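The report below goes through one protein chain, part by part. Please keep the sequence and the structure in view while reading.

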Amino acid sequence: MDRYARWNALLEMLTDNGRVSVEAAAERLDVSQATIRRDFDQLAQQQMITRTRGGAVANGVSYDLPLRYKTAKHSAEKQRIGAAAAALVTPGTVVGLNGGTTSTEVARALAVRPDLNTSAEGAQLTVVTNALNIANELLVRSRMKVVVAGGVVRPKSFELVGPLGGALLREVTLDVALLGVDAIDPQLGAAAHHEGEAAMNNLMVARAKRVVIIADSSKLGGHAFARICPVERVETLVTDSGADPEVVDAFRAAGVQVVCA
């Protein structure tokens, strides 16, 4: 396990437990306690955790891990979800896509579809996004028309938030919005941890003819701080095959089409 994989594992342990000792982390990751101490010291220098005597405690990490430390979590499920969500997109449409690891997999799946990349002049797909990493994925791997909303960058998610981006989104019409979320519940709807991201996503919902939520099964039935939209606004939910059948049935009862990848 390399350093970044260890850091990701340590941050997830802190997310789950709030506090982790050097001894417990070393045993779980099968490395020396000296290695764990160095990892904790380096994460503390980045202000991602707080060092304690004999271990570390979460420093806000339980609510919003930076994107670069989320990539390994549920990665196989997110790749399947990304492929299934991309399959819902037809050539010649305008797609809204927000940030996050699952949205990144959607962007990668869109970028390799030949029917969406047939001509450099007449773009077969237009993608409107508020995420810098999503724009980069599409620009370097496809011939799509990419429109980036303005705003202030959130380093944790690479998403642009604030009124500058909102001004652009209010002037466009989306055929479909493909939105990654932090939580979605059959009663509470879709939500995000950060209110700025939720506001931008809400604008995409308002400008979209169809709304597709992309979320792995760990996010189903959960809740987060800021609501993106009510469940009535969601046409389709794309999740993984590990979703609880009772929760899936609850979404279907609420009128949401559920695709389990």
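## Burial and the model

A residue is called buried when its relative accessible area is under 20%, exposed when that area is over 50%, and partly exposed in between. The model discussed here is predicted, and the burial classes below are to be read with that in mind.

By this cut-off Arg113 counts as buried, because its relative accessibility is 17%, whereas Asp115, at 32%, counts as partly exposed. These two residues form a salt bridge in which the closest N and O atoms are 2.7 Å apart.

## Domains

The domain assignment divides the protein chain into domain 1, covering residues 3-62, and domain 2, covering residues 75-260. The C-alpha centres of domain 1 and domain 2 are separated by 31 Å.

For residues 3-58, UniProt lists "domain: HTH deoR-type", and the entry is an unreviewed one. In the model this span is 64% helix and 20% strand, and its end C-alpha atoms lie 19 Å apart.

## Helix 1 and its surroundings

Helix 1 is made of 15 residues and reaches 21 Å from its first C-alpha to its last, which is close to the 21 Å expected at 1.5 Å a residue. The buried residues in helix 1 are Arg6, Trp7, Asn8, Ala9, Leu10, Leu11, Glu12, Met13 and Leu14. Their cover includes helix 2 and helix 3, together with strand 1 (19-21), strand 2 (49-52) and strand 3 (55-58). After helix 1 comes Gly18, which has a positive phi near 80°.

Arg6 also takes part in a salt bridge, in which its side chain meets that of Asp39 at 2.6 Å, N to O. This pair links distant parts of the chain, since Arg6 belongs to helix 1 (residues 3-17) and Asp39 to helix 3 (residues 33-45), with their positions 33 residues apart in sequence. Both Arg6 and Asp39 are buried.

## Salt bridges and the contacts of helix 6

Side chains of opposite charge can pair when their charged atoms come close. The model holds eight salt bridges. One of them joins the side chains of Arg108 and Glu137, at 3.1 Å from N to O. Arg108 lies in helix 5 (residues 101-111) and Glu137 in helix 6 (residues 132-141), so this pair ties together parts that are 29 residues apart in sequence. Salt bridges that share partners join Glu105, Arg108 and Glu137 into one network.

The two ends of the Arg108 and Glu137 pair can also be described by their burial: Arg108 is partly exposed, with a relative accessible area of 32%, whereas Glu137 counts as buried because its relative accessibility is 13%. With neighbours within four places in sequence left aside, Glu137 is in contact with Thr104, Ala107 and Arg108. Thr104 also meets Asn133, the side chains of these two residues being joined by a polar contact of 3.2 Å. Asn133 is found in helix 6 and is buried, with a relative accessible area of 16%.

## Helix 8

How does the span of helix 8 agree with the 1.5 Å a residue expected of it? Helix 8 takes in residues 195-207, and its 13 residues should span 18 Å at that rise, which agrees with the 19 Å between its end C-alpha atoms. The buried residues of helix 8 are Gly196, Glu197, Ala198, Met200, Asn201, Leu203, Met204 and Val205.

## Positive phi in two loops

Which class of burial does Asp30 fall into, buried, partly exposed or exposed? Asp30 sits in the loop between helix 2 (22-29) and helix 3, and its phi is near 60°, a positive value in a residue other than glycine. Asp30 is exposed, because its relative accessible area of 69% is over the 50% cut-off.

Phe158 is another residue other than glycine with a positive phi, in this case near 65°. Phe158 belongs to the loop between strand 7 (152-154) and strand 8 (159-161). With a relative accessible area of 29%, Phe158 is partly exposed.

Technical notes:
Residues are numbered from 1 along each chain as its sequence is written. This is a predicted model: local features need pLDDT of at least 70, side-chain atom pairs count only at pLDDT 80 or more; totals for chains, interfaces and linings use all residues. Side-chain values use heavy atoms; hydrogens and water are left out. Helices (H or I, at least four residues) and strands (E, at least two) are DSSP runs, numbered from the N terminus. The expected span of a helix is 1.5 Å times one less than its number of residues. Buried means under 20% relative accessible area, exposed over 50%, partly exposed in between (1.4 Å probe, protein chains only). Domain bounds come from an automatic or database domain assignment. A salt bridge is a side-chain nitrogen of Lys or Arg within 4 Å of a carboxyl oxygen of Asp or Glu. UniProt positions are given in the numbering used here, feature names are shortened, and annotations may be inferred rather than shown by experiment. Contact means heavy atoms within 4.5 Å. A polar contact is a pair of N or O atoms within 3.5 Å; within protein, one must be able to donate a hydrogen and the other to accept it, and residues adjacent in sequence count only if both atoms are side-chain atoms.
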